[in-house]
Amino acid sequence: MSVEVEAVSFGYGATRVLEDVSLSVRQGEFFAFLGPSGSGKTTLLRLIAGFGTPDQGRIVIGGRDMTRTPPWSRNVGLVFQNYALWPHMTVGQNVAFGLERRGVGRAERDRKVRAALDLVGLVHLIDRRPAQLSGGQQQRVAIARTLAIEPEVLLLDEPLSNLDAALRAGVRQELVALQRRLGLTTILVTHDQEEANAAADRMAVLDGGKVLQVGPPAELYDRPVNRFVAGFLGTANLIEGEVSGGIFRAGRAVLPLAEPAADGPATLALRPQSLRLARVAEPGALPARVLRAEFLGGHLRYTLDLDGLTLIAEESHQRGRAPLAPGEAIQLVVDPRQVSVI
Amino acid sequence: MSAAIARPRRARLRVEASLSQVVAALLVAAFLLAFLLVPVGRVILTAFLDPAGGFTLVHFADFFRTSLFLESFWNSLYVAGLSVVFASVLAVPLAVILARYRFPGRALIATLGVLPLVMPPFVGAVAMQLIFGRNGTVNLLLMDWFDLRLDLMEGLNGVIFVQSLHYFPFILMNLAASLSNIDVAMEEAGQNLGARGLTLLRTIVLPLSLPGYLAGASLVFVKVFDDLATPLLLNVTNMLAPQAYLRVTSVGLADPMGYVISVILIAVSLAAMVGSGLLLRGRDYATAQRGGGGLSQRRMTGQGKLLAWLFVVPVLFLVLAPHLGILLLSLATIWSFSPLPDAFTLAHYGTVLRETPQFLTNTLLFCGIAALIDVVLGVVIAWLVHRTKLPGRALLDLAAMSALAVPGLVLGIGILRTYFDTRLPGGDSLATWWGMLIIVLAIRRLPYALRGATAALRQVHRSLEEAAENVGAGKAATLARITVPLMAGGLAAAFVTSFATAAVELSATLVLVTRDVDAPLSYGIYIYMQSAAGRGPGAALGVIAVLAVALCTWAAHAVAERERSRRARTSEAQEAA
């Protein structure tokens with residue numbers, strides 16, 4: 001099922017939480033809402049699940065207007081951030097609850113409960129209580145409970161945030177695999193760009209109750225529409241300057257642009273790994289000076305001074321190659337194709 | 001600016017209330033209105049009405065012109081005030097020892113904090129007569145040994161003595177709680193800046209513990225000021241509550257003085273509550289600081305230990321005196337003008353079970369139903385207030401909690417005034433029907449049950465309910481299958497507390513019960529205690545009541561503890577995961 005959010009605004013009293021939000025999630029897509037806390041991403045997810053009614057706008061699921069449909073009539077599965085397993089019921093009873101509400105007969109219910117638990121690999125824990133499970137197991141039960149009702153859309157609210165860092169990548173991969181296998185339209189809410197990048201087909205970056213940009217992760221990373229998106233998705237050097245005649249100028253630094261850009265003031269976004277540090281002079285290279293060097297394991301991060309501009313550059317760490325020292329002069333090579341103008 | 005541009009976006013009125021929510025709220029409101037607000041309102045109104053139905057203050061003028069009423073008024077204030085003083089004398093040292101020192105008798109002190117509460121003061125009153133009265137055990141011994149007599153139980157003294165002993169735990173528990181809530185860092189900061197000993201106590205510890213003390217003290221004041229049963233059992237009638245009771249029962253429902261006194265009772269209760277609330281405003285320090293380990297508990301010197309024991313042991317004797325007294329009385333053949341009974345027998349228990357078993361069965365039935373009503377109403381009100389957006393929902397909470405400020409006597413009088421002339425099919429008055437007693441008991445204990453239900457509901461995370469709605473359960477199904485089962489522990493505790501306190505309620509009961517066959521335990525004790533021959537069976541009933549209340553208190557405590565540990569285990573498991 002597709003999900004259409006049409007010009008939705010929402011607030012609590014005078015506090016505006018969502019401001020004219022529109023986006024559309026396609027059938028079978030793994031979509032992510034990415035944003036910092038307070039961006040409105042969880043509120044938007046809850047509106048799709050039916051917890052709250054937009055002040056304005058519509059929520060359309062599978063072509064049907066669900067704006068005023070109560071949560072229990074939506075058939076939209078929400079996996080809560082804290083899992084919200086009912087402590088007074090066993091794992092099996094938790095998973096069976098939604099089927100009971102739908103009047104599914106006992107035999108059919110048992111079969112579906114086992115099938116749902118089988119999907120997450122926890123059939124053997126069917127008689128346990130939630131308190132007897134690990135966090136990872138609790139999450140799987142929460143997912144099974146949601147999948148058991150065969151929802152039209154699966155909503156995941158920060159599903160990895162309560163898991164140990166060591167578990168996260170594995171669980172994320174399992175989630176994606178499960179989603180692919182079921183072909184279920186899925187929306188993931190997260191504040192972690194890596195999580196969104198790795199899992200989502202497309203994502204929306206939210207901030208301050210507005211959708212800033214929608215697209216595939218790599219596209220958003222490569223072509224952010226504004227400073228916020230550029231900065232939120234990884235590290236970016238944002239340089240204020242002027243474009244004129246296809247050339248960007250900031251102070252004494254001059255960069256030719258590979259893509260056409262309108263003349264006038266502009267901000268240049270430049271990823272740290274797109275700056276190449278040359279030890280010897282090259283044509284077109286810019287002379288810079290190292291201000292600070294940090295060893296981060298897989299790579300080194302340098303803070304550089306380029307004629308008064310402070311830039312971050314990253315270089316992969318290679319054994320035997322001596323790190324640059326603060327004060328050292330180097331040559332900076334910028335590939336115009338890696339530069340985007342905001 | 002043109003009107004078209006300036007027109008503000010019209011806020012859409014969002015009524016997020018379903019029909020069933022509205023119906024539930026209206027039913028609860030009707031119940032509270034019919035059996036609490038209207039009766040109390042009629043009491044207040046009647047106090048201000050002249051016979052022709054106009055507004056008048058003449059009844060109040062009469063009240064303050066009548067020397068008996070004035071005397072009663074001052075007596076009530078005097079008794080309530082001195083009860084607070086003596087209760088404080090008992091409670092403050094115990095609280096300080098409990099919260100600040102490593103003292104081997106801590107468990108004993110904690111027990112002291114509960115023992116008096118399981119014994120209704122009117123039950124203890126008679127036993128206290130036998131032990132501390134003019135010809136009681138203590139005075140007989142004192143006369144023998146020192147030729148000395150203490151008038152502990154004479155007139156108002158007796159009321160003050162019995163009430164202080166009964167109510168000091170309120171101060172003890174509130175003060176100890178607020179003392180142990182003081183972050184040890186507060187005290188250490190004071191020490192660090194050079195304060196110690198008495199200076200520290202005066203400048204840091206006392207101000208920080210004041211809220212707890214005042215909360216307890218105002219509660220004691222109000223309870224003593226409003227109490228009817230204890231003075232009546234001690235034959236003290238020159239106080240406000242007994243005067244109101246006597247006016248209504250002997251002069252009649254038309255006599256305005258009963259209503260005037262009721263208004264004064266309510267006004268003084270409210271003034272004490274509001275006054276302590278105002279004093280405490282902005283001083284609720286305890287909730288502002290979390291996490292601290294409480295005051296550092298320090299070692300006691302040998303001398304200190306001796307002093308502490310010298311205080312704790314006599315207090316223990318005092319506290320146990322009514323319990324021992326009532327037990328002895330229930331087992332005594334004859335106990336008069338002698339330090340101890342002449343001989344012992346179980347006959348009184350037989351008498352009670354044989355002749356008046358209805359006192360016990362009525363109590364089980366009345367208080368059981370009342371407690372059930374309380375739990376149901378508590379859940380419904382708590383849920384409406386905290387889980388819906390129903391307009392005016394806070395008023396329901398306020399109305400239910402306002403029962404706290406209404407003395408039982410006043411509610412009883414209000415019910416009589418409002419429903420006395422309504423006749424049941426059999427010709428009996430609705431006001432004195434046993435069903436009405438159940439309703440009144442339920443109203444009286446509703447605040448406790450509502451607090452319990454609210455606390456239990458707060459423990460249920462919203463997402464647990466939303467998860468149920470998300471997989472297809474409507475509001476009612478969610479409430480029944482998820483919310484209420486998760487509240488079960490708290491509700492069980494609320495039920496037991498309501499039951500136990502209703503079982504020993506006597507002030508409204510005295511006003512509303514007209515026939516022995518419809519009477520509960522507390523009324524039975526009162527009736528038996530009226531005659532010398534009935535004191536034995538009355539005491540036997542008293543022992544049964546104390547045991548029942550003790551059992552319920554223990555059960556409520558055990559349920560609450562189990563719930564707490566279950567919760568702790570759950571959150572531990574979640575954290576460990």
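At which residue does H4(B) bend, and by about how many degrees? H4(B) bends by about 30° at Ser88(B), the bend at a residue being the angle between axes fitted to the seven residues ending there and the seven starting there.

This is a predicted model, in which local features need pLDDT of at least 70 and side-chain atom pairs count only at pLDDT 80 or more, while totals for chains, interfaces and linings use all residues. Residues are numbered from 1 along each chain as its sequence is written, and chains are lettered from A and ligands numbered from 1 in the order in which they are written.

**Chain B, residues 67–100.** Select helix H4 of chain B, which has 34 residues. Helices (H or I, at least four residues) and strands (E, at least two) are DSSP runs, numbered from the N terminus. From first C-alpha to last, H4(B) reaches 48 Å, close to the 50 Å expected at 1.5 Å a residue; the expected span is 1.5 Å times one less than the number of residues.

**The contact between the chains.** Next, display chains A and B together. The contact takes 25 residues from chain A and 22 residues from chain B, where two residues are in contact if their C-beta atoms, placed from the backbone, lie within 7 Å. On the side of chain B that touches chain A, helices H21 (462–470), H22 (475–503) and H25 (535–576) each supply at least two residues. The largest share, seven residues, comes from H21(B).

**Chain A, the first sheet.** Select strands E2, E1, E4 and E5 of chain A, which form an open antiparallel sheet in that order. Strands E2 (15–25) and E5 (64–65) stand at the edges, each with a single partner strand, so one side of each is left without a neighbour in the sheet. Seven bridges join E1(A) (residues 3–12) to E2(A); two strands pair if DSSP finds at least two bridges between them. Within this pair, Val5(A) stands opposite Leu23(A).

**Chain A, residues 237–270.** Move on to strand E11 (residues 237–244) of chain A. With strand E14 (residues 264–270) of chain A, E11(A) pairs in the antiparallel sense over seven bridges, and Glu240(A) stands opposite Thr267(A). E11(A) also pairs in the antiparallel sense with strand E12 (residues 247–250) of chain A, over three bridges; here Glu242(A) stands opposite Arg249(A). To finish, select Gly245(A), which lies in the turn of the hairpin formed by E11(A) and E12(A) and has a positive phi of about 60°.
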